[in-house]
Amino acid sequence: MTTLITGGTVVSAEGSALQDVLIDGDTIVAVLAPGSNALSEVRRSAGIVIDASRKYVIPGGIDAHTHMEMPFGGTFASDTFETGTRAAAWGGTTTIVDFVVQAHGQRVQDQLAAWHDKASGNCAVDYAFHQIIGDVNADSLKAMDELIDEGITSFKLFMAYPGVFLSSDGQILQAMQKAAGNGSLIMMHAENGSAIDVLVQQALERGDTAPYFHGTTRPWQTEQEATHRAVMLADIAGAPLYIVHVSAKQALARIAEARNAGQNVFGETCPQYLYLSLEENLGAPGFEGAKWVCSTPLRSRAEGHQDELWRYLRTGDVTTVSTDHCPFCMKDQKELGIGNFAKIPNGIGSVEHRMDLLYQGVVDGRISLQKWVDVACAAPARMFGLYGKKGVIAAGADADIVIYDPNGHTSIGLGKTHHMNMDYSAWEGYEIDGHVDTVLSRGKVIVDAGQYLGAKSDGRFVRRGLSQNLI
Ligand code: URP
Ligand code: ZN
Ligand code: ZN
């Protein structure tokens with residue numbers, strides 16, 4: 001089946017132009033100047049013609065940081081691969097990269113098999129995996145080599161969560177040396193977990209048990225210190241380093257410094273750190289703030305972190321914007337932490353809203369149209385070995401395409417206007433001056449005019465190559 005998307009403005013990370021996109025089956029076969037004879041040929045062959053006049057035609061979004069069904073804090077992230085990837089599709093994200101979890105005492109290969117079982121046949125859009133190494137030992141270091149052949153080329157380590165995921169500096173160095181040798185990428189959760197545990201204990205003893213204190217017990221110094229340590233260890237090992245979910249401007253300053261010095265260090269942030277804050281969200285009355293408990297935490301607006309993060313997006317020191325989608329319902333999940341913020345499962349759900357929330361940055365004059373496509377689509381593809389097939393509208397690429405209406409509107413309103421499996425929205429009340437109209441995943445229209453047309457088995461596992469983003 002041939003499909004022609006005609007009349008739209010194709011936006012890439014480099015620029016934008018009025019162009020038609022010709023698709024054969026699941027692949028883009030040509031990007032054409034308007035007025036070519038493709039339109040009449042597609043009509044003659046009874047193919048599909050999609051009118052994208054006055055709309056943007058962009059590569060499908062890539063959310064390189066999600067946690068579907070993740071076990072955390074005695075419960076599981078509330079989106080399954082089925083519900084989470086369907087919500088992603090609604091929001092114009094056509095590829096997710098989710099994290100396989102290896103905790104202490106578990107075998108990497110067993111965990112990977114379990115994640116394949118959970119995802120296979122259940123995903124609305126394509127998916128790939130990173131591997132969390134929560135127990136660095138001879139067996140998991142060997143697995144880091146083996147997984148590359150299975151298309152898993154990035155490994156997340158933790159400097160936080162002692163006793164669960166935290167690796168010692170020695171273990172981190174060993175994993176980084178392995179990555180330096182096999183060409184894979186270390187992703188780091190950079191927070192000083194031991195110091196945080198002391199601050200948390202002291203706060204609870206003082207009776208500071210509300211969600212707000214999740215933020216104050218994880219001060220920016222704990223993020224900057226860990227970021228600095230990770231950068232130094234990566235330098236010793238000669239390994240590339242990608243710091244996930246950066247929220248502190250001081251941590252980003254350290255990342256920028258390393259980049260200026262020529263080190264392969266990359267920063268990821270998330271919409272919650274660009275828009276939300278310690279004061280307005282974590283500090284909401286009563287137990288409301290639990291909705292926004294995530295780590296790293298939301299930062300103080302008075303200290304100016306959010307504006308600095310937007311600035312670092314413009315300079316390129318923030319390479320990608322992912323969601324860290326890790327949703328929990330208020331009922332029975334976030335509520336586990338009533339009377340003790342440390343028991344609130346950490347995570348926010350945003351997989352459906354990332355493309356819209358970032359587009360609002362274009363409307364507000366914070367980033368360019370090209371930057372939007374870069375940080376949401378092209379850069380994650382380059383960073384995680386997907387580029388060429390994903391993240392770009394070009395001949396040979398998968399036909400993962402979003403038709404975005406800049407004159408449309410998206411209300412993330414009160415009540416359940418989203419499709420994520422959550423009983424609240426962290427984004428309630430947000431108004432976006434744009435709208436995801438049509439979504440194609442490998443050539444199939446899966447969302448159009450407010451209707452979901454896909455199926456839970458549309459998405460396929462994507463084997464990734466090595467990062468294409470290194471100096
Ligand atoms: O709060 C968060 N970020 N939850 C998900 C787990 C992680 O550390 O990414
Ligand atoms: Zn993390
Ligand atoms: Zn995460």
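**Exercise 1. Identify which residue forms a salt bridge with K390, and place this pair in the wider boundary between the domains.**

Solution. K390 forms a salt bridge with D126, and their closest N and O atoms are 2.6 Å apart; a salt bridge here is a side-chain nitrogen of Lys or Arg within 4 Å of a carboxyl oxygen of Asp or Glu. The model is a predicted one, in which local features need pLDDT of at least 70 and side-chain atom pairs count only at pLDDT 80 or more, while totals for chains, interfaces and linings use all residues. Residues are numbered from 1 along each chain as its sequence is written, chains are lettered from A and ligands numbered from 1 in the order in which they are written, and side-chain values use heavy atoms, with hydrogens and water left out.

Next, take the division of the protein into domain 1 (2-58 + 389-452) and domain 2 (60-383), whose bounds come from an automatic or database domain assignment. Between these two domains the count is two salt bridges.

**Exercise 2. Describe the extent of the interface between domain 1 and domain 2.**

Solution. Begin with the contacts, meaning heavy atoms within 4.5 Å: 44 residues of domain 1 are in contact with 51 residues of domain 2. Then turn to the buried area, the accessible area (1.4 Å probe) that two parts lose on being put together, summed over both, which is about 3900 Å², with carbon and sulfur atoms giving 63% of it. Of the area that domain 1 buries against domain 2, H419, Y424 and W427 supply 18%, more than any other three residues.

**Exercise 3. State which residues come nearest to ligand 1, and give the atom distances for K156, D324 and N346.**

Solution. Ligand 1 has 13 residues around it, where near means that a heavy atom of the residue lies within 4 Å, and K156, H189, S295, D324 and N346 come nearest. A polar side-chain atom of K156 lies 3.0 Å from an oxygen atom of ligand 1, whereas a polar side-chain atom of D324 lies 2.6 Å from a nitrogen atom of the ligand. For N346 the atom concerned is a backbone N or O atom, which lies 3.1 Å from a nitrogen atom of ligand 1.

**Exercise 4. Find which residues a cis peptide bond joins, and which residue has a positive phi although it is not a glycine.**

Solution. As background, most residues other than glycine have a negative phi, and most peptide bonds are trans. The cis bond joins S295 and T296, with omega about 0 degrees. The positive phi, about 55 degrees, belongs to E69.

How values were computed:
A polar contact is a pair of N or O atoms within 3.5 Å; within protein, one must be able to donate a hydrogen and the other to accept it, and residues adjacent in sequence count only if both atoms are side-chain atoms.
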